[in-house]
Amino acid sequence: MNATMPQPLKLSTFASHRWQCRWRTGLAAGLVTLLAACGGSEDAKNDPVNPPVVVTHADAKVWDISRAMGPGINFGNMFESPSEGEWGLTAKPEYIQAAWNAGFRTVRLPVRWSNHAASQFPYTIDAAFLNRVTTVVDQLLARGFHVVLNMHHHRQLDGDALDAGEFAVDEAILEERFVGIWSQIGHHLGSRSDKLLFELYNEPHGRMTASKWNTLADTTLKQVRISNKERVVVIGPASYNDPYALGTLTMPLDAYLMSTVHFYQPFAFTHQGATWVTPPQPTGVACCSAEQANVIFNGIHHAKYWSDAMGYPVLLGEFGAYSAADMTSRVTYTRLVRQSAAQANMPWAYWEFGSSFGVYDPVANTFRAELTNALIGN
Ligand code: BGC
């Protein structure tokens with residue numbers, strides 16, 4: 001290639017750049033072009049080798065993965081409880097097989113790492129716990145699943161009350177520890193196939209404001225990239241991964257990213273009777289009227305518009321209705337959300353496998369047929 005020709009600006013080139021760029025987002029015909037308005041010297045601005053224009057969007061590989069993910073299920077209440085089993089479920093091999101047989105092809109694995117790492121630098125993850133999670137990740141990958149491994153319920157980070165059995169660490173090292181934990185996960189699992197995705201944090205909220213989260217996600221990603229150059233990393237917006245908060249999310253300058261949203265609207269329906277919600281939502285709410293269906297369609301399509309505009313796939317990482325709702329309504333709701341996500345070409349993962357939203361009854365060891373059919377069937 002002629003050395004004087006303008007070359008595409010590589011991310012590594014940009015990262016080591018000696019001048020600062022401000023980013024401006026221009027929306028044009030559904031495409032976002034990020035123009036770097038660089039405030040460096042004149043010769044730098046005119047540098048033909050590093051033109052100050054960058055188009056950023058997900059690499060084709062990320063889109064391929066998003067299309068290959070298929071129906072997804074959250075293995076919830078297993079590893080995101082203070083310790084595995086405390087919330088009634090462990091990640092049994094027979095659940096992996098059952099989920100596969102039912103037709104699920106992605107498992108999102110929520111993990112409460114914060115409870116299993118030292119409180120002092122270098123924040124070493126408990127070896128037995130790391131090996132246990134690794135075993136399950138490997139079993140899932142060997143079965144053929146895409147696996148979305150996340151960091152879940154880091155209560156102190158969001159400023160929430162701790163659960164029984166949790167410990168607090170020195171406030172001053174909270175974020176450094178978060179990054180340190182991810183650095184270890186990255187090194188430990190860096191050799192796994194592209195079917196393993198890392199999701200940096202479930203539902204940042206509270207004192208993890210959008211601006212704090214954008215900074216922390218960027219710093220964490222840089223650490224993860226040391227050991228996982230092209231692994232897909234999933235980053236959702238603050239405000240509990242609300243699709244309507246996507247506009248507050250600054251995607252780091254990286255081509256191997258996906259975003260994620262959680263969608264529990266209409267909340268009065270999905271969370272009726274849920275013990276952890278304040279104020280409690282009264283029971284007896286049905287779904288789905290035309291108005292409720294609109295709320296669902298609009299929320300999911302809001303995420304799709306962001307995805308189209310920004311050029312990154314969006315995973316619908318959680319949706320579901322608590323068991324206090326009537327089954328007929330849950331089935332209708334579940335089918336409607338799944339169909340809306342399919343229409344928006346968004347991969348999805350239902351919340352969750354075998355607990356209070358569950359598609360699987362772990363006592364009878366069978367799937368709840370209607371609910372499962374709403375996800376996998378027509
Ligand atoms: C939380 C669960 C909760 C679910 C629905 C998840 O992100 O981790 O504890 O049951 O959302 O509210």
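1. A polar contact is here a pair of N or O atoms within 3.5 Å, and this cut-off is what the ligand contacts in the next point rest on. The model under review is a predicted one.

2. Three side chains come into question as polar partners of the ligand. A polar side-chain atom of Trp351 lies 3.4 Å from an oxygen atom of the ligand, while for Glu318 the distance between an N or O atom of the side chain and a ligand oxygen is 2.9 Å, and for Glu203 the corresponding value is 3.3 Å. Taken alone, the ligand exposes 310 Å², of which the protein buries 86%.

3. Which residues make up the surroundings of the ligand? They are His152, His153, Asn202, Glu203, Tyr264, His271, Trp276, Glu318, Trp351 and Phe357. By class, this shell divides into four nonpolar, four polar and two charged residues.

4. Turning to enclosed space, the model contains two cavities of 30 Å³ or more, and the largest cavity holds about 50 Å³ of space. Its lining consists of Ser114, His154, Arg155, Gln156, Leu162, Glu166, Phe167, Val169, Leu174 and Arg177, and the elements that contribute two or more residues to it are α6 (155-158) and α7 (174-189). Sorted by class, the lining of the largest cavity has four nonpolar, three polar and three charged residues.

5. The structure holds 21 aromatic pairs. One of them is formed by Trp113 and Phe129, whose rings are edge-to-face, with 5.5 Å from centre to centre and 85 degrees between the planes. This pair links distant parts of the chain, since Trp113 belongs to the loop between β4 (106-109) and α5 (127-143) whereas Phe129 is in helix α5, 16 residues apart.

6. Some backbone geometry deserves a careful look, because most residues other than glycine have a negative phi and most peptide bonds are trans. A cis peptide bond joins Thr278 and Pro279, with omega about -10 degrees, and another cis peptide bond, with omega about 10 degrees, joins Cys287 and Cys288. Pro279 is found in the loop between α10 (267-270) and α11 (290-310), and Cys288 is likewise placed in the loop between α10 and α11.

7. Where does Tyr240 lie? Tyr240 is in helix α9, which covers residues 238-241, and although Tyr240 is not a glycine, its phi is positive, at about 60 degrees.

Technical notes: Residues are numbered from 1 along each chain as its sequence is written. This is a predicted model: local features need pLDDT of at least 70, side-chain atom pairs count only at pLDDT 80 or more; totals for chains, interfaces and linings use all residues. Side-chain values use heavy atoms; hydrogens and water are left out. On a 1 Å grid over the protein atoms alone, a cavity is a set of points where a 1.4 Å probe fits but cannot get out, and a pocket is an open set with protein on both sides within 12 Å along at least five of seven lines; lining residues have an atom within 4 Å of a point. Grid points are joined across faces, edges and corners, and a volume is the space filled by probe spheres set on the points. Helices (H or I, at least four residues) and strands (E, at least two) are DSSP runs, numbered from the N terminus. Ala, Val, Leu, Ile, Met, Phe, Trp, Tyr, Cys and Pro count as nonpolar, Asp, Glu, Lys and Arg as charged, and the others, Gly among them, as polar. A residue is near a molecule or strand if one of its heavy atoms lies within 4 Å of it. A polar contact is a pair of N or O atoms within 3.5 Å; within protein, one must be able to donate a hydrogen and the other to accept it, and residues adjacent in sequence count only if both atoms are side-chain atoms. Accessible areas come from the Shrake-Rupley method with a 1.4 Å probe; for residues, only the protein chains shown count as cover. Rings of Phe, Tyr and Trp (its six-membered ring) pair if their centres lie within 6.5 Å; planes under 30 degrees apart count as stacked, over 60 as edge-to-face and the rest as tilted.
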